[in-house]
Amino acid sequence: MKKIIFIITLMISLYILIFKITFAAPVLLIDKVNINPGVAIPGKNFFIEFYLKNNTNRRIDNIVLKAKQLEGKNTLSGFSPVGTNQSYLNSIDPSSEGVIRLEMIVDSQLKTGVYNIEVLLSYNEKDLDTIEETRLIGVVVNRPANLLITDIDVSNKKELKFTAVNASSARIADAVVYTYFGELEKIKYLGVLEANDENEIVESIPENIPEGNIKIKIVYKDELNKDYVIEKDVTIEQKNDESVSEIGYRSNIWFFVKKIFGIGI
């Protein structure tokens with residue numbers, strides 16, 4: 001008998017638990033969280049966007065999205081809300097959807113990485129108490145890499161000189177220089193370039209390459225391991241032997257004429 005009573009009691013408890021779980025569905029469903037743009041850049045603004053859905057047959061009012069702090073810290077160090085640290089949405093009607101956005105700016109000196117921002121979402125179901133939900137939102141920050149090819153010099157037509165410059169605050173990795181002289185390829189590994197680093201590259205120019213047929217290509221990675229490629233075409237004028245001979249021939253004739261008539265002698 002005791003065993004039967006225990007089983008009945010257990011079944012009733014499970015039924016109550018299932019009933020509570022079924023009817024404890026979120027009042028305001030967070031359908032999606034979006035960071036716009038997807039990768040935040042130091043010194044620039046971005047948005048945290050909450051796409052919401054009212055799961056009830058009552059209107060939801062006074063919706064507030066507030067940035068509180070970074071995970072494990074008491075401040076928003078590295079991030080600043082634009083204007084105010086919270087955003088408002090008046091209401092969402094029953095079975096309707098809404099979007100609430102919080103605008104922030106990244107500190108210009110913040111390093112590349114993933115930062116978890118703690119945000120608070122609060123709202124009122126019509127005529128009921130305020131409901132609060134805390135969420136951690138991961139924000140990817142990346143310092144843009146910018147590698148330049150500068151100071152290109154082929155003035156002596158025997159050497160190609162140029163400089164690879166890291167013109168950004170980011171660390172550039174796996175930089176490789178490819179120099180093409182017609183079909184001839186030369187490769188130079190630069191590796192890592194810290195912010196504002198410069199590397200001068202000097203390559204011998206092969207003889208008898210087609211005019212203007214030189215190309216510089218550098219491949220590298222940024223701090224998020226994204227691949228980049230920059231290219232430069234280089235023009236080099238080749239001597240025209242026929243033209244040189246013709247000029248020399250005309251000079252000799254003029255010298256002969258001057259000699260006969262005593263011009264300039």
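**Figure 1. Arginine 171 is partly exposed, with a relative accessibility of 38%.** Welcome to a tour of a predicted model. Which residue shares a salt bridge with arginine 171? Glutamate 194 does, and the closest N and O atoms of the two side chains are 3.0 Å apart. This pair links distant parts of the chain, for the two residues are 23 residues apart. Glutamate 194 sits in the loop between strand 13 (184–193) and strand 14, while arginine 171 sits in the loop between strand 11 (159–166) and strand 12. Glutamate 194 also counts as partly exposed, at 38% relative accessibility. If you wonder what brings such partners together, side chains of opposite charge can pair when their charged atoms come close.

**Figure 2. Lysine 186 and glutamate 203 meet in a salt bridge.** The N to O distance here is 4.0 Å. This pair, too, links distant parts of the chain: lysine 186 belongs to strand 13 and glutamate 203 to strand 14, 17 residues apart. Is glutamate 203 buried or exposed? Glutamate 203 is buried, with a relative accessible area of 13%. Lysine 186 counts as partly exposed, because its relative accessibility is 22% and buried means under 20%.

**Figure 3. Arginine 59 reaches aspartate 61 through a salt bridge.** The closest N and O atoms of this pair are 2.6 Å apart. Arginine 59 is partly exposed, with a relative accessible area of 33%, whereas aspartate 61 counts as buried at 13%. How many salt bridges does a search of the whole structure find? The search finds nine.

**Figure 4. A patch of negative charge gathers on the surface.** Look for Asp151, Asp153, Glu198 and Glu200, which make up this patch. Which elements give two or more residues to the negative patch? They are strand 10 (147–153) and strand 14 (198–204). Aspartate 151 has its place in strand 10. Aspartate 151 is exposed, because its relative accessible area is 58% and exposed means over 50%.

**Figure 5. Two aspartates have a positive phi, at about 50° for aspartate 151 and about 55° for aspartate 174.** Neither aspartate 151 nor aspartate 174 is a glycine. Why are these backbone angles worth a second look? Most residues other than glycine have a negative phi. Aspartate 151 is in strand 10, and aspartate 174 is in strand 12 (residues 172–181). With a relative accessible area of 36%, aspartate 174 is partly exposed.

**Figure 6. A cis peptide bond joins asparagine 36 and proline 37.** The omega angle of this bond is about 0°. For background, most peptide bonds are trans. Where is proline 37? Proline 37 lies in the loop between strand 1 (28–36) and strand 2.

**Figure 7. Five strands form an open sheet.** Their order is 2-9-8-4-6, with mixed pairing. Which strands stand at the edges? Strand 2 (39–40) and strand 6 (86–92) do; each has a single partner strand, so one side of each is left without a neighbour in the sheet. Strand 2 and strand 9 (residues 130–141) run parallel and are joined by two bridges. Here you can find valine 39 with its bridge partner in strand 9, valine 140. In general, strands of a sheet pair through backbone hydrogen bonds, either parallel or antiparallel.

**Figure 8. The side chains of strand 15 alternate between two faces.** On one face you will find Ile214, Ile216, Ile218 and Tyr220, which are buried. Lys215, Lys217, Val219 and Lys221 point to the other face and are not buried. Isoleucine 214 is part of strand 15 (residues 214–221) and has a relative accessible area of 2%. The C-alpha atoms of isoleucine 214 and glutamate 185 are separated by 9.9 Å, with the two residues 29 residues apart along the chain.

**Figure 9. Strand 15 pairs with strand 12 and with strand 16.** Strand 12 runs antiparallel to strand 15, and seven bridges join them. Opposite isoleucine 218 in strand 15 stands valine 177. How many bridges join strand 15 to strand 16 (residues 227–234)? Eight bridges do, and these strands run antiparallel. Lysine 221 has aspartate 227 as its bridge partner in strand 16. The hairpin of strand 15 and strand 16 has five residues between the strands, and in this hairpin asparagine 225 takes a positive phi near 70°.

How values were computed:
Residues numbered from 1 in each chain as written. Predicted model: local features only at pLDDT ≥ 70, side-chain atom pairs only at ≥ 80, totals over all residues. Heavy atoms only, no water. Patch = residues over 30% accessible without salt bridge, like charges linked within 9 Å, V, L, I, M, F, W, Y side chains within 5 Å. Areas by Shrake-Rupley, 256 points an atom, 1.4 Å probe, with all protein chains shown as cover. Lys, Arg positive; Asp, Glu negative; His and termini not counted. Charge placed at Lys NZ, Arg CZ, Asp CG, Glu CD. Helix = DSSP H or I, 4+ residues; strand = E, 2+ residues; numbered from the N terminus. Buried < 20%, exposed > 50% of the residue type's maximum accessible area, 1.4 Å probe, protein only. Pairing = 2+ DSSP bridges.
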